[in-house]
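Here is a short tour for the bench. Have a look at the sequence and the model first, and then we will go through the parts together.

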Amino acid sequence: MDDDIARAARAKKGSPFLSTEQAAFYLGLSARKLQAMRAAGNGPGFRRHSRYIRYHIDDLDVWSKSSAEAAHA
């Protein structure tokens with residue numbers, strides 16, 4: 001639990017927009033898994049900034065919470 005809190009704090013220090021690698025680290029996933037989820041359309045929301053894919057940290061939190069609630073339903 002403390003590791004998750006520390007990871008979230010490190011991610012939130014900078015820009016709220018995270019790269020695929022940063023977002024995957026924040027969620028505890030591999031970057032490849034997050035890319036596959038994005039391609040399949042079942043991952044967290046993302047934004048395209050020019051040619052770059054970015055994940056807003058609030059979108060990651062919402063997606064994570066909804067995934068956890070769906071698993072417990």
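## The nonpolar core

In this predicted model, the largest nonpolar core has 13 residues, and those touching the most other members are Leu18, Ala23, Tyr26, Leu27, Leu34, Tyr55 and Leu60. At least two core residues come from each of α2 (20-27), α3 (31-40), β3 (52-56) and α4 (57-72). Helix α2 is the biggest contributor, giving four residues.

Leu34 is a good residue to click on. Setting aside neighbours within four places in sequence, Leu34 is in contact with Thr20, Ala23, Ala24, Leu27, Leu29, Pro44 and Tyr55.

## The sheet

Next, the strands. Three of them form an open sheet in the order β1-β3-β2, and the pairing is antiparallel. β1 (17-18) and β2 (47-49) are the edge strands, each with a single partner, so one side of each has no neighbour in the sheet.

β1 and β3 run antiparallel and are joined by two bridges. If you want a landmark here, find Phe17, which stands opposite His56 in β3.

## How confident is the prediction?

The protein has a mean pLDDT of 88, with 92% of its residues at 70 or more. Which element has the lowest mean pLDDT, and which the highest? The lowest belongs to helix α1 (residues 2-13), with a mean of 72, and the highest to α3, with 97. As a general reading tip, predicted coordinates should not be read in detail where pLDDT is low.

Methods
Residues numbered from 1 in each chain as written. Predicted model: local features only at pLDDT ≥ 70, side-chain atom pairs only at ≥ 80, totals over all residues. Heavy atoms only, no water. Core = buried A, V, L, I, M, F, W, Y, C linked by side-chain atoms within 4.5 Å. Buried < 20%, exposed > 50% of the residue type's maximum accessible area, 1.4 Å probe, protein only. Contact = heavy atoms within 4.5 Å. pLDDT = per-residue confidence, 0-100. Pairing = 2+ DSSP bridges.
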